[in-house]
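Trainee: Please give me a close look at the enclosed spaces inside this model, along with the parts of the chain around them. I would like the cut-offs as you go.

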Amino acid sequence: MREIEVETFLDSMEMGVSRPVLILGDDQDEYILKNQKVTDNGKTVIFDCMFVNELLAYQIGCYLDVPMPEAVIAFVDELLVENDPKVRFAYKFEKGKYFATERLKYVENNLESNYLELASMRKPYRKNTWKAFFEGIANKSDISKILAFDIFIANFDRYRNQGNILVNREEPRMMYAIDHGHAFWGPVWNMDKINCLNLVNATSMYINQYSMEILKYIPGVMFNALQEYVDLTDINNNPFNEIVQKITSIDESMIELWMNNIPNEWYINKDLQIAYYTNFLLKHKHVVKDVIQNLVVREVFVNYKGGVLKWNNQNQKSHTV
């Protein structure tokens, strides 16, 4: 993973629970820096494995060719903290390593601002407003990758959060997936998260339960906007086929490399956490295909006309759902 040093803090981004800040790196590029320490209703909350989630998800996404801004490990020097009181008191950053992503220069959304503009004009929400937003993007074929990726890493937040997809208007106009700190069953290392990561077997019962958990977030404004561009009219030309095959090709050595690229100080108990994440990913990669089929037959995709999706790898283990 590429590392940078933070040269200076430029401005608060005023969005997201991680209170991101725009910074200038020592490479003279701008990045969006996140913080695991969050103030919520006057109380300080520490999302103690948000950075682990972010950097692991980023590396998985890179392997799967999911479009994302580049992620880096950003070091905040002690001198910078001491010499700029705003870093400590306004932005709440201390010396250490943080997760950051490159700032896309020509971001034209987010969808939330479009919605707020309509609300300020007292115009009703219109479904085609969201649909039109994605019509001109060059990488609509990546939508099936993003949806399968989210199913794999248990990232449901994107379905309802219109700030987790960015569209950069630089030619060609491209869509990017961001914000994976709440993946892998949440940003806090607690027993609920551990129990969810401790997947024993990808049984049909688990697949149904997992599908029902996803359905709690559907319909969501982002999912509705994205799913219209997933063409399921021909079950023999399955748009999820390639991405699911690539997910199932992930092995333990890849996961070990990804986990070891994460700074040691981001872990609470490195060996234990690596064991749980590895177990989850190796078991959960076999869930994605059946969960997609399960969601398809529940008619969450408007372009589905019926039937069982064809998968090229017919030898892949499947479950009745």
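Mentor: Happy to. Let's begin with residue classes: Ala, Val, Leu, Ile, Met, Phe, Trp, Tyr, Cys and Pro count as nonpolar, Asp, Glu, Lys and Arg as charged, and the others, Gly among them, as polar. The model is predicted, so local features need pLDDT of at least 70 and side-chain atom pairs pLDDT 80 or more, while totals for chains, interfaces and linings use all residues. Residues are numbered from 1 along each chain as its sequence is written, and side-chain values use heavy atoms, without hydrogens or water.

A cavity is a set of points on a 1 Å grid over the protein atoms alone where a 1.4 Å probe fits but cannot get out, and lining residues have an atom within 4 Å of a point. Points are joined across faces, edges and corners, and volume is the space filled by probe spheres set on them. By that rule, there are two cavities of 30 Å³ or more.

The largest cavity has a volume of about 70 Å³. Around it sit Glu54, Tyr58, Met68, Pro69, Phe99, Thr101, Ala177, Ile178, Asp179 and His180. Sorted by class, this lining has six nonpolar, two polar and two charged residues. At least two lining residues come from each of helix H1 (50–63) and strand S7 (96–102); helices (H or I, at least four residues) and strands (E, at least two) are DSSP runs numbered from the N terminus.

The second largest cavity comes to about 40 Å³. Its wall is made by Leu147, Ile151, Tyr159, Phe223, Phe240, Ile292, Leu295 and Phe301, and the class count there is eight nonpolar, no polar and no charged. Helix H6 (143–153) and helix H14 (288–297) each give at least two residues to this lining.

Now for a residue that touches some of these regions. Ile247 belongs to helix H11 (residues 241–248). Its relative accessible area is 0%, so Ile247 is buried (buried is under 20%, exposed over 50%, partly exposed in between, with a 1.4 Å probe and protein chains only). Beyond its neighbours within four places in sequence, Ile247 is in contact with Leu64, Ala148, Phe152, Lys285 and Val288, where contact means heavy atoms within 4.5 Å. Ile247 and Leu282 are 35 residues apart in sequence, yet their C-alpha atoms are 9.7 Å apart.

H1 comes up again when we turn to helix H12 (residues 252–260), whose buried residues are Met254, Ile255, Trp258 and Met259. Viewed down the axis of H12, these residues fall within an arc of 130 degrees, so they line one face of the helix; the arc is taken from the directions from the helix axis to the C-beta atoms. An α-helix has 3.6 residues a turn, so residues three or four places apart point the same way. The buried residues of H12 pack against H1 and helix H13 (270–284). On the face turned away from the buried side, H12 carries the exposed residues Glu252 and Leu257.

To set this in the whole chain, its secondary structure has 14 helices and nine strands, and 50% of its 321 residues count as buried. Of contacts between residues at least 6 apart in sequence, 71% join residues at least 24 apart.

Key: 1 Å grid on protein atoms, 1.4 Å probe; cavity = no way out; pocket = protein on both sides within 12 Å on 5 of 7 lines; lining within 4 Å.
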